[in-house]
Amino acid sequence: DRALGTTQHQGVAAELPELSYRPLEDAFALAALRNQPLLLVLLDHVQDPRNYGAIIRSAEVLGAHGVVTESRRSAPLSAVVAKTAAGAASHLPLVQVANLPNLIRELKDRGAWIYGADGEGASTPGQLDWQRDVALVIGSEGRGIRPVVEKACDATVRIPTRGQIGALNASVAAGILLYAALDARS
């Protein structure tokens, strides 16, 4: 308790190296090593560190090759992100870029398709081709994907819902869509 300065540790503590961002090429290399089409998660101004950590965890568990954030208006790597990711941040390239629309253009030039998560999206997960290189864009809490980013997407994808609430949490939506990609690729 004294060493950690908290009682919320469940009796376990570990000292780990500090998390750091890696180059985008590491994600491409991981996809090549696994002999799989690329699957990236692009976060468009996701600001909640718990959402960021949960997305990292889902991305690693469900076979993505990297998670990308913008350097501005996005949650930074932190102890909260690391704790929420539950170790997944050490096994997956985390990339930071200055400009997400520029990255999307680069990914398209390299043959990737860009699918943007949007509650009003034109397609459902089962209608998309996940067998190709794909970058999945997850928008910010409350605002979703910025118009400039959505315009750059090749398709928008919605998760069919039945309840009264209008939208899913960003990390939950990411997990559902990543599972759809995994299922389609299996």
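**Close-up views of a predicted model**

**View 1. Asn51 in helix H2 is buried in this predicted model.** The relative accessible area of Asn51 is 5%, and its place is in helix H2, which spans residues 49–61. The side chain of Asn51 makes a polar contact with that of Glu141, at 3.0 Å. Beyond the neighbours within four places in sequence, Asn51 is in contact with Val46, Glu141, Asn169, Ala170 and Ser171. Glu141 therefore appears both as a polar partner and in the contact list of the buried Asn51.

**View 2. The open sheet has six strands.** The strand order is E3-E2-E1-E5-E4-E6, with parallel pairing. Strand E3 (94–97) and strand E6 (155–157) form the edges, and each of them pairs on one side only. From one strand to the next, the twist averages 25 degrees. At one edge, E4 and E6 pair in the parallel sense over three bridges, and Ala117 stands opposite Val157 in E6. Helix H6, residues 170–185, packs on the sheet and touches strand E1 (39–44), E4, E5 and E6. The direction of H6 makes about 160 degrees with that of E5.

**View 3. Val137 is a buried residue of strand E5.** Strand E5 covers residues 134–139, and the relative accessible area of Val137 is 0%. Leaving aside neighbours within four places in sequence, the contacts of Val137 include Leu42, Asp44 and Ile104. Also among them are Ile114, Tyr115, Gly116 and Ala117, together with Ile145, Val149 and Cys153. Val137 and Leu30 are 107 residues apart in sequence, and their C-alpha atoms are 19 Å apart in space.

**View 4. Tyr115 and Trp130 form the one aromatic pair of the structure.** The arrangement is edge-to-face, with 5.2 Å from centre to centre and 85 degrees between the planes. Tyr115 lies in strand E4 whereas Trp130 lies in the loop between E4 and E5, so the pair ties together parts that are 15 residues apart in sequence. Both Tyr115 and Trp130 are buried.

**View 5. Two arginine side chains place their charged ends over aromatic rings.** The charged end of Arg110 sits over the ring of Phe28, at 3.7 Å from the ring centre. That of Arg132 sits over the ring of Trp113, likewise at 3.7 Å from the centre.

**View 6. Thr124 is buried although its place is in a loop.** The loop lies between strand E4 (113–117) and E5. Thr124 has a relative accessibility of 17%, and it counts as buried because the limit for that class is under 20%. Residues up to four places away in sequence not being counted, Thr124 touches Val157, Arg158 and Pro160.

**View 7. Asn35 and Arg73 have positive phi values.** Most residues other than glycine have a negative phi. Phi of Asn35 is near 55 degrees, and phi of Arg73 is also near 55 degrees. Asn35 is found in the loop between helix H1 (24–33) and E1, while Arg73 has its place in the loop between strand E2 (66–70) and helix H3 (79–85). Asn35 is exposed, with a relative accessible area of 71%; Arg73 is partly exposed, with 47%.

Terms used:
Residues are numbered from 1 along each chain as its sequence is written. This is a predicted model: local features need pLDDT of at least 70, side-chain atom pairs count only at pLDDT 80 or more; totals for chains, interfaces and linings use all residues. Side-chain values use heavy atoms; hydrogens and water are left out. Helices (H or I, at least four residues) and strands (E, at least two) are DSSP runs, numbered from the N terminus. Buried means under 20% relative accessible area, exposed over 50%, partly exposed in between (1.4 Å probe, protein chains only). A polar contact is a pair of N or O atoms within 3.5 Å; within protein, one must be able to donate a hydrogen and the other to accept it, and residues adjacent in sequence count only if both atoms are side-chain atoms. Contact means heavy atoms within 4.5 Å. Rings of Phe, Tyr and Trp (its six-membered ring) pair if their centres lie within 6.5 Å; planes under 30 degrees apart count as stacked, over 60 as edge-to-face and the rest as tilted. A charge sits over a ring if NZ of Lys or CZ of Arg is within 6 Å of the ring centre and within 35 degrees of the ring normal. Two strands pair if DSSP finds at least two bridges between them. Axes are lines fitted to C-alpha atoms, for helices over the stretch in contact, and angles run from 0 to 180 degrees between N-to-C directions.
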